[in-house]
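Me: Please take one part of this model and look at it closely, setting it in the context of the fold around it. I would like a single connected account with the cut-offs spelled out.

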Amino acid sequence: MKKRNASVGMVLGAAAFAGCATLKAEDVKIYEPTQLRESQYESVARLWVETWRARTGVPTYASPGDGIAALQNKAASLDANGLINVACYSDPGLFSLGSDSFICYGKAIKVR
């Protein structure tokens with residue numbers, strides 16, 4: 001009986017550990033707004049616009065690709081498996097102090 005209890009405990013422990021696994025950035029898919037209905041996902045966070053820091057400055061990136069990668073990393077850290085309404089805009093100097101840079105934002109979501 002002790003062996004059975006130990007086996008059951010190991011299986012339950014492995015299942016709990018697997019449930020705690022976080023997503024990787026490459027697991028976060030980017031969706032166009034027309035690809036999903038609101039009933040198909042739940043919102044997790046609007047990235048880079050919900051914090052107090054957005055009032056004083058936002059992160060800038062050397063390229064749109066770098067900005068989107070940062071959004072995917074942040075979404076993965078929040079256990080979101082998707083991004084929607086992603087946009088990147090050139091920053092002509094307001095936040096970048098004269099260098100070429102981009103501001104990117106989007107909404108982290110969990111697709112059902």
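Reply: **The disulfide and its surroundings**

Read along the sequence, the protein chain follows the pattern α-β-β-α-β-β, which amounts to 2 helices and 4 strands, where helices (H or I, at least four residues) and strands (E, at least two) are DSSP runs numbered from the N terminus. This is a predicted model, in which local features need pLDDT of at least 70 and side-chain atom pairs count only at pLDDT 80 or more, while totals for chains, interfaces and linings use all residues. Residues are numbered from 1 along each chain as its sequence is written, and side-chain values use heavy atoms, with hydrogens and water left out.

The part chosen here is the disulfide, of which the structure holds 1, the term meaning a pair of cysteine sulfur atoms within 2.5 Å. Cys88 and Cys104 form this link, with their sulfur atoms 2.1 Å apart, and the 115° about the S-S bond makes the link right-handed. Because Cys88 lies in strand β3 and Cys104 in strand β4, the pair ties together parts that are 16 residues apart in sequence. The cysteines are set into the surface to unlike degrees: Cys88 is partly exposed at a relative accessible area of 23%, whereas Cys104 counts as buried at 1%. Buried here means under 20% relative accessible area, exposed over 50%, and partly exposed in between, with a 1.4 Å probe and protein chains only.

The strands that carry the cysteines are also paired, which requires that DSSP find at least two bridges between them. Strand β3 (residues 82-91) and strand β4 (residues 101-111) run antiparallel and are joined by 8 bridges, one of which matches Tyr89 with Ile103 in β4. Strand β3 is also joined by 3 bridges to strand β1 (residues 29-31), this time in parallel, and there Tyr31 has Ile84 of β3 as its bridge partner.

Both β3 and β4, together with β1 and β2 (41-47), are among the elements that cover the buried residues of helix α2, contact meaning heavy atoms within 4.5 Å. Those buried residues are Gly67, Ala70, Leu71, Gln72, Ala75 and Ala76. Helix α2 (residues 64-77) has 14 residues and should span 20 Å at 1.5 Å a residue, which agrees with its end C-alpha atoms, 20 Å apart; the expected span is 1.5 Å times one less than the number of residues. After α2 comes Asp79, whose phi is positive, near 65°.
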